[in-house]
Each structure stands twice: as C-alpha cells, then as structure tokens.
Amino acid sequence: MNIIDRRLNPQGKSLANRQRFLRRAKEQVVKAVRDASGKRGIQDIENGEKVTIAAGGVREPSFHRASQGGVRDYVVPGNKEYVEGDTIQRPDGGGGGRGSEGSADGEGEDEFRFVLSRDEFLDIFLEDLELPDLVKQKVKQSESHTLTRAGYSVSGSPANLNLVRTMRNSLSRRIALKRPKRDEIRELEEMLREAEEAGEDATQIQALREQLEHIVLRSRRIPFIDPIDVRYNRFESVPKPIAQAVMFCLMDVSGSMTEHMKDLAKRFFMLLYLFLRRRYRSVDIVFIRHTHEAKEVDEETFFYSTETGGTVVSTALEEMQKVVQERYPDSEWNIYAAQASDGDNMSSDNAKSATLLRDVILPMCQYFAYIEVAAEHNMGLSALGRETELWRTYKQVQSPERPLAMRRVRSRREIFPVFRELFAREKAGA
Amino acid sequence: MTAVITRPEALLYDGVEWDYDKIKRVYDAIEHIALKEMGLDVYPNQIEVITAEQMLDAYSSIGMPLMYKHWSFGKHFARDEMMYRKGYRGLAYEIVINSSPCISYIMEENTMTMQTLVIAHAAFGHNHFFKNNQLFQQWTDAQGILDYLEFAKTYIAHCEERYGHAAVERVLDAAHALMSQGVHKYPKKRSDLRTEQRRERERQEYQDQTFNDLWRTVPKTAAGPRPAKSVSERKKLLGLPEENILYFLEKKAPRLEHWQRELLRIVRHISQYFYPQKQTKVMNEGCATYVHYQIMSRLHETGQISEGAFLEFLHSHTSVVFQPEFDDKRFSGLNPYALGFAMMQDIARIAEKPTDEDRQWFPDLAGRGDGMAAVREAWANFRDESFVLQYLSPHLMRKLKLFSVRDDAEDPYLLVDHIHNERGYRDIRKKLARQYDLGYLEPDIQIVDVDLAGDRKLILQHRVTNGVLLDESDAKAVLRHIANLWGYEVQLIEVSAISEAILKEHAVTAPSGIGVG
C-alpha cells in the first residue's frame with residue numbers, strides 16, 4: 001500500500017474551470033451583480049456575493065424522458081396498508097419525488113445559485129468603469145526610470161556578463177579557427193611518450209615533437225576566450241509610468257452635516273478607494289476635514305468626531321494644496337480628490353474657492369469629484385431645484401476640459417448609480 | 001465477553017486523531033481479514049489524503065484526479081461548494097477510482113475510525129468489485145485510464161491554445177450533451193486506452209503523409225446527382241442504424257476537423273469508462289458496504305478496535321444504509337447502499353441458514369454453506385438488473401415492504417398493482433430489476449438514416465416505450481448540438497415501439513458555418 005499526502009498539492013485546481021464557467025455565464029452574472037449591488041451596503045463588498053442566475057445559459061441538456069405523460073411503474077418500499085388494486089391520490093407535481101426521474105444534476109432547475117468571491121464580484125462590478133487619465137500623461141517629465149533588458153552589448157560591467165552568449169561566441173570562433181582540442185594534444189603527447197619509450201627512430205620522434213609544438217603553439221595563439229567573444233546584457237532605462245495614486249477625501253464636518261450625510265460620503269469614498277486599489281499598485285489616502293478651518297486627520301477622526309464652526313471650503317482646498325506640495329508632488333503621483341459637502345459655504349468664500357479650484361487644484365488633479373449629499377427625506381429647498389452656494393460656485397468652474405464632476409446624492413441607493421455614472425467608460429470616445 | 005476484547009494493547013488505535021502509523025497498522029489488519037478470511041482479490045492500493053476543497057474539486061470533475069478543463073465542471077464546483085459551505089450537504093467520506101493501482105481519497109478531517117471504515121469500504125470493497133466484476137473486466141481498462149486522462153487533458157489544452165477556447169467549448173458542449181448516447185453497448189473488443197495516444201498520432205501522421213494537394217485540382221464530377229443508392233445499401237455503407245451517436249459523428253460527420261473528431265473520441269472513451277459504474281450502483285455499493293461491515297465487525301470481534309470506535313462506526317453505517325419509506329419527507333427513491341447491503345446479507349443468509357421458502361426459490365443457493373463465496377460469485381457475474389432478478393428474495397421483499405405502483409397519465413389515480421405477497425413477488429422483482437436496467441431507463445435513440453449524396457439530413461429515431469416522450473426543450477437543445485457537429489439539418493422522430501406510429505417530430509436546421517476551418 002502507498003499512502004500519499006496530497007494536501008499540500010497546489011490548491012485552486014478548479015480555478016480554470018471556474019473562470020470558464022464565469023466567462024460562459026458572463027451576461028447573467030453581470031446582470032446579477034448589478035442587481036445585487038443596488039441593494040447592499042459598501043461594507044458588504046468585502047464579502048463575496050451569492051448570486052442567482054437563470055439556468056438557461058449554463059444548462060447542460062441531454063436526451064431524457066419527459067417527467068409527465070405515458071405509463072410508468074415504480075417499486076417503492078414501506079407499504080403499510082395497501083393491497084393489490086388500491087388506488088392512491090396522485091401527488092402534486094406529477095412524478096416528482098418518486099422513482100428514478102428526480103434529477104440529481106439540477107437539470108430542469110430554473111435558477112442556478114452560487115457564490116462569487118470578493119475579487120470576482122469587484123471585477124465584474126467595476127468592469128466597465130474607467131478612470132479618466134489612468135496614467136499621468138506627463139510621463140516625460142517624470143523622474144523615475146526603470147531598467148529594461150535590451151539585447152546585448154560588447155561592453156559592460158562584469159556583473160552583467162552573459163555567459164551563454166559569450167561561450168557560444170567563443171565556441172564558434174574556436175571551431176572556425178580550428179583551435180586544437182585538448183584531446184588532440186593529449187593524444188600526441190601520449191604517442192610521443194610511447195615512441196620515446198619504445199625507442200623508435202629519432203626522426204619520427206622529432207616529427208612528433210614538432211607536430212606537438214606546433215599545435216600547442218596554435219592553441220596558445222588562439223585563446224579559449226577572446227575579448228571579442230565577450231557579451232554583456234544590455235539594459236536601457238525607460239521612463240516608468242506612474243503607478244501610484246493618492247486620494248484626497250475632503251469633507252465638510254460642520255454642524256449642518258448629519259450622520260446620514262456623512263454616511264453617504266463615506267460610502268462614496270470607500271467605493272472610490274476600492275476602485276483605485278484595483279487600478280494602482282499603491283494608493284495613499286489623505287483625509288482633510290474642514291469647518292471654517294481645515295485639518296488633515298486620520299480616518300477615525302474624519303468620520304466620527306464632530307466639530308463646530310462655520311463653513312469655509314477654501315481652507316480645505318488650501319490644505320490639500322499644502323499636502324500635495326509637501327508630500328505628493330504631482331509629477332510623481334496620480335492625484336484624485338473627492339469632496340463631500342452639504343453645499344453650504346460662506347458667501348464671502350465662494351470667489352476664493354472657485355479661483356483656487358480652477359487655478360491650483362484642478363490642474364494637478366486627475367479627477368475631482370464633488371458629491372453633494374442631502375438628507376434622505378429632505379424635500380426642502382435643494383430638492384425643489386434651488387442650487388446650493390457651493391454647487392453654483394463649482395458650476396462656474398466646470399468646463400469640458402477640466403476634470404471636475406459634480407453629482408447630488410440623497411440616499412444610499414443612489415451611491416452606486418452615481419459612482420458608475422461618474423466613471424462609466426466612454427463608449428464613443430475610447 | 002472474552003478476555004481478548006478487553007486487552008488494550010491489542011487495539012490498533014485509540015482516540016479520534018489519525019496519523020500515518022495508525023493508518024498503516026489498520027491497513028495491514030484489514031488486509032489480513034480481507035484477503036485471508038474473506039478471500040477478496042484486489043488491485044494494489046494507493047491511499048491519498050486530501051482536504052475538503054480537493055474533495056469538492058474531485059466531485060466536480062466526475063471523481064477523476066485529472067480531468068480536462070470545461071466550464072461545466074466549474075459550475076458543479078460552484079454549486080457543490082455553496083451547498084457544502086452552507087451546510088446543506090456533507091461531503092462523501094471517500095472517492096475511489098477504478099484504476100490500477102486503485103486510488104482512494106480520504107479526507108483529512110475524518111476521524112481514525114472513519115479512516116478505518118473508508119479503507120475497508122473503498123480500498124477493499126470497491127477495489128475488489130472493480131477487479132472482479134465481469135462488466136468492469138470487459139469494459140474498462142484500469143491500467144490505462146490515468147494515462148489516457150493525462151493525454152486527454154493535454155490534448156484539449158493544446159487544442160484550446162491552437163483553435164481558441166470558444167471552438168473547443170462548442171465541440172465539448174455538444175459531446176457532453178451526447179455522453180449517454182456515446183457508449184457501445186455491445187463490445188467489439190476490449191479497448192486498450194494506453195495505445196490511444198499512439199493511435200491518435202498515427203492517424204494524424206497517416207493523414208499528413210498521404211496528403212496530396214493534387215486531389216484539390218481533380219475536376220468535380222459532372223453536374224447532376226449521382227444515381228441514388230438504395231436505402232438499404234446506403235444504410236449498410238454507413239453502418240446504420242447506430243445507437244452510439246458520438247461514434248457515428250466522430251467517424252462520419254462530413255465537416256469536422258481532425259481535432260474535433262478527437263475531442264468526440266475522448267468524451268466517448270470517458271463515457272464508456274463510466275458505463276459499467278452506471279449499471280452496477282446497487283451491487284458496487286452493496287459490495288463495499290458489506291465488506292466494510294464484515295471487516296469492522298471482525299476487527300471489533302478480535303478486539304482490535306475499541307467499543308467506542310465500533311459504536312461510532314455503527315452510527316455512520318446505519319445512516320448510510322438508512323432507507324426512508326415512500327411517504328417519508330426524506331424519501332428519494334431506493335437507497336442503493338441499503339438495497340445492496342440488505343441483498344448481500346440476504347444472500348449469505350440463504351446460503352448458510354435457509355428457510356423452506358428459500359429452498360423453494362433458490363434451490364442451487366440455499367444451504368450450500370460458505371455465504372462469503374456465494375456473495376463473491378454474485379459480485380463477479382452480475383449487474384444490478386440481473387442481480388436483482390436473480391437474488392431478490394421474498395424474505396427481503398417483505399422486510400422492505402416493497403410494492404409496485406402504476407402511474408398512467410390517463411388515469412386520475414395511481415394504481416397499486418402488486419404488493420409483497422405470493423401473487424406479487426415475481427412481478428415486483430421483475431419491475432424492480434427493470435428499474436435498474438439502463439437499456440430500459442435511457443431512451444432508445446438511434447441514428448436511422450442519412451443521405452450523404454443528397455441533402456445530408458441526419459435522421460434520428462426515438463423508439464417510445466409506454467408512451468413516455470422525450471423532454472422537449474432538452475431534446476431540442478441536444479439536437480441543436482448534434483446539428484452543430486453534423487453541419488446539416490437534423491431530425492428526430494419519436495415513434496411508438498409497438499405500433500411504429502409517429503408520435504412527434506423535432507427538427508433543427510443546419511447551423512451557419514461551423515467546423516469548417
């Protein structure tokens with residue numbers, strides 16, 4: 001008997017089959033994910049999702065008898081009272097549950113249910129979304145370079161010596177120039193020694209000796225490795241596209257922002273974060289909250305601590321500008337910003353905010369999203385269509401060539417649609 | 001109780017944890033009982049320890065350790081995984097493969113008693129059945145199957161690379177739909193899977209060698225149809241009627257590429273390999289259950305396993321052979337483990353301690369002694385259908401309280417036509433046997449005609465028994481698959497087996513451009 005422990009064998013053998021299955025059921029899965037994502041909160045995104053798809057696309061048909069009609073016989077156990085010739089009320093649903101017709105393969109089911117992993121869910125969810133200007137266009141100015149293999153060269157540092165190439169050159173040169181092989185020399189030496197021991201005649205020994213001298217000389221003249229054989233791996237430095245992003249979360253935390261509004265903002269920020277994480281190798285987050293003054297804080301404080309004061313938006317923009325200058329030079333970082341606010345601002349600050357946004361913030365940003373959150377049941381002024389201070393201010397700045405997007409969100413249900421709308425891949429353009 | 005039982009040093013193991021030493025000890029003890037006392041004859045064993053995920057994986061690829069890639073396996077995996085994680089369904093304790101060496105998978109989370117049970121059940125019970133049952137001997141090639149699967153897997157991966165996933169998937173989908181129609185029911189000769197790979201290469205080489213581009217330039221025969229051959233001549237030429245649809249398509253479909261034919265061949269071979277298993281569910285499980293029961297009892301008798309371990313075994317054994325009655329919520333047909341195990345015990349009982357009734361029903365078997373030998377004989381020579389027909393005794397029918405029900409769609413009620421009494425025994429036995437007859441269970445579908453010189457329409461026939469037609473939407477979908485392979489129109493006619501009257505027709509038109517490279 002052999003006993004083998006297979007537990008350490010590579011896992012995920014079924015992965016390839018799963019991918020094939022998901023590809024096969026793609027249309028239905030995408031639809032199911034869209035439906036599901038409308039219903040769930042963002043925190044749940046961390047978990048996978050149980051999706052139910054119509055079985056149609058993944059049906060495996062076979063020739064089998066219909067479950068109804070005709071004459072069938074069954075032999076079943078457990079007779080208690082029946083005698084020959086008794087009749088039994090037909091159970092509901094035709095022949096189901098009795099005999100061999102009950103399908104074990106799930107065929108004939110209308111729906112197929114399974115669980116998507118978190119990654120699969122996100123992949124599908126974010127699939128047709130695209131970040132505007134995914135990679136900085138200003139790569140040429142970028143400082144960072146990376147070395148890429150670019151063929152071979154005849155000069156270089158010893159560490160980059162390419163042994164295989166070098167030896168191949170050496171071998172072909174030796175063959176071409178007919179460099180005597182070591183075996184040949186040894187053979188001649190042997191013959192010479194035998195001839196000397198056997199005391200053969202001097203001329204023959206002399207001839208052998210000369211021949212030996214000749215080939216030894218030749219092998220010395222044709223070196224084993226010549227400088228012209230040597231090859232080095234050549235590297236070229238190419239500018240590296242920036243693969244890191246920083247995300248600025250700006251939020252008004254003045255008294256007028258309710259918990260509900262903050263919750264909406266948080267959901268939006270999280271979505272953006274998840275999205276960036278899938279596109280960039282590393283994503284930093286900077287939280288800036290503001291009342292009449294702005295401060296960079298950690299996440300906990302950002303979402304949960306309250307602050308009182310007026311509302312001056314420009315302070316947050318200034319703070320962001322400061323942080324960018326200090327830590328995230330825009331030549332090296334992809335900068336994204338999302339601002340959430342209920343739309344209040346001091347009237348005197350509007351002009352300053354607009355200028356700051358237009359002249360400083362937008363030029364360095366890949367994308368700036370402004371989310372105006374409103375109370376869920378607030379059917380008040382903004383719902384009637386009156387625009388808030390900040391909305392009007394930003395609207396002046398907005399223009400097709402500026403990466404500024406603005407949306408209003410009132411309830412959790414709208415977060416996903418709004419997010420999708422903002423990042424939907426342009427169908428016509430790209 | 002004898003002193004032997006209480007001697008703790010005689011125990012093979014203690015507690016629930018298993019390790020390799022314990023398994024080795026238990027294996028040796030079981031082997032001794034199985035070979036020396038029960039006279040079993042097995043392939044060499046290979047036991048592999050796997051995790052739950054790997055077990056799920058083996059499930060979804062029809063229990064084979066190597067399988068080619070296909071979305072349907074991913075689908076089954078997704079479903080099984082969800083059922084398992086949600087606790088709707090447990091996993092089998094083992095999977096065993098009909099190969100030589102015989103591979104049994106055991107799960108790491110089993111207790112030591114479960115591992116003992118599984119080794120007895122799979123590594124000796126199933127293994128003996130695989131090696132000795134005439135169906136398996138005749139149909140399957142235990143030595144060659146793993147190598148063949150390896151070949152199939154690489155070949156299909158290679159095709160995917162070369163012709164694209166979609167093209168391969170289309171052929172495999174169609175082949176899978178026809179899997180049940182892909183077996184030869186009457187063997188010409190035993191297939192030798194080991195030579196398959198070589199033969200594939202040879203076929204390819206022969207084609208390459210005999211390729212002559214000049215054939216392309218030979219002028220087509222003058223316009224006008226060639227004189228039509230007579231129908232019978234034509235059928236004879238094509239080997240019709242043919243019930244192995246996959247085989248026919250592989251050999252005769254006019255528009256398939258070489259690799260597409262090879263894919264059909266692979267699916268056909270795998271289907272053929274599983275054909276005996278489908279016909280011997282009751283016997284195979286009955287055999288394994290009987291063997292593990294005997295072995296575990298013997299280990300307990302000789303004091304090699306503890307009382308606690310034996311109780312644990314009895315607990316899982318009884319749930320395996322549990323047979324709910326027809327009006328029970330849990331009822332889903334006859335449990336093959338229950339029926340198989342009960343029949344094996346019954347055979348041994350008849351051989352050793354027959355009643356007068358048994359002597360009358362089984363004159364050759366009753367009282368011959370050596371129940372084990374009688375059971376071994378049954379294992380070697382029968383399949384479920386003939387096994388039930390031969391060995392189901394009135395005693396067992398009474399015990400299971402079997403009765404037969406006739407369900408005629410035209411009557412408002414179901415009719416109890418036989419119960420377990422003198423008048424009913426033979427009929428119940430016959431009906432139960434037929435319930436296990438694949439030839440009766442699976443619809444009888446054959447390719448009956450095709451006019452290769454004319455419109456190339458492929459005509460299939462379903463001979464309808466008892467007025468039960470095919471499931472229409474599925475039949476249509478399978479016909480679509482056949483049309484994809486065949487390349488031309490396909491028609492399925494359902495005719496009554498008795499009156500030859502046409503009951504229903506399905507037709508699928510020619511697909512647009514498949515298969516032609």
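## A walk through chains A and B

Let's begin with one helix: α12 of chain B, residues 258-279, has 22 residues and reaches 32 Å from its first C-alpha to its last, close to the 32 Å expected at 1.5 Å a residue. Keep in mind as you look that this is a predicted model. The helix α12(B) is not perfectly straight, for there is a bend of about 30° at B:Tyr273, and a proline, B:Pro276, follows within four residues. Where does this helix sit? Because 17 of the 22 residues of α12(B) are buried, the helix is largely enclosed by the rest of the structure.

From here we can step into the interior. The largest nonpolar core has 164 residues, and B:Ile30 and B:Leu263 touch the most other members. Helix α5 of chain B, residues 112-132, gives this core its largest share, 11 residues. A second core, separate from this one, holds 57 residues, including A:Cys249, A:Ala316, A:Tyr336 and A:Cys365. In soluble globular proteins, nonpolar side chains tend to be buried together.

It is worth pausing at B:Leu263. Which residues does B:Leu263 contact, once its neighbours within four places in sequence are left aside? They are B:Ile156, B:Cys159, B:Val168, B:Val171, B:Leu172 and B:Ala175.

Now step back to chain B as a whole. Its secondary structure comes to 22 helices and 9 strands, and its C-alpha atoms fill a box of roughly 95 × 55 × 45 Å along the principal axes. Of the 517 residues of chain B, 45% count as buried. Among its contacts between residues at least 6 apart in sequence, 72% join residues at least 24 apart.

For a contrasting spot, try B:Arg25, in helix α2 (residues 20-37) of chain B. Is B:Arg25 buried or partly exposed? With 14 other C-beta atoms within 10 Å, B:Arg25 is partly exposed. The C-alpha atoms of B:Arg25 and B:Ser473 are separated by 55 Å, and these two residues lie 448 residues apart along the chain.

Finally, look at where the two chains meet. The contact takes 77 residues from chain B and 55 residues from chain A. On the chain B side, helix α4 (residues 71-85) supplies the largest share, 9 residues. The residues on that side divide into 37 nonpolar, 21 polar and 19 charged. Strands take part in a pairing across the chains as well: β3 of chain A (residues 71-76) and β4 of chain B (residues 403-408) pair in the antiparallel sense over 6 bridges. Within this pairing, A:Val76 stands opposite B:Phe403 in β4(B).

How values were computed: Residues are numbered from 1 along each chain as its sequence is written. Chains are lettered from A and ligands numbered from 1 in the order in which they are written. This is a predicted model: local features need pLDDT of at least 70, side-chain atom pairs count only at pLDDT 80 or more; totals for chains, interfaces and linings use all residues. A nonpolar core is a set of buried Ala, Val, Leu, Ile, Met, Phe, Trp, Tyr and Cys residues joined through C-beta atoms within 7 Å. A residue is buried if 20 or more other C-beta atoms lie within 10 Å of its own, exposed if 12 or fewer, and partly exposed in between; C-beta atoms are placed from the backbone. Helices (H or I, at least four residues) and strands (E, at least two) are DSSP runs, numbered from the N terminus. Two residues are in contact if their C-beta atoms, placed from the backbone, lie within 7 Å. Ala, Val, Leu, Ile, Met, Phe, Trp, Tyr, Cys and Pro count as nonpolar, Asp, Glu, Lys and Arg as charged, and the others, Gly among them, as polar. Two strands pair if DSSP finds at least two bridges between them. The expected span of a helix is 1.5 Å times one less than its number of residues. The bend at a residue is the angle between axes fitted to the seven residues ending there and the seven starting there.
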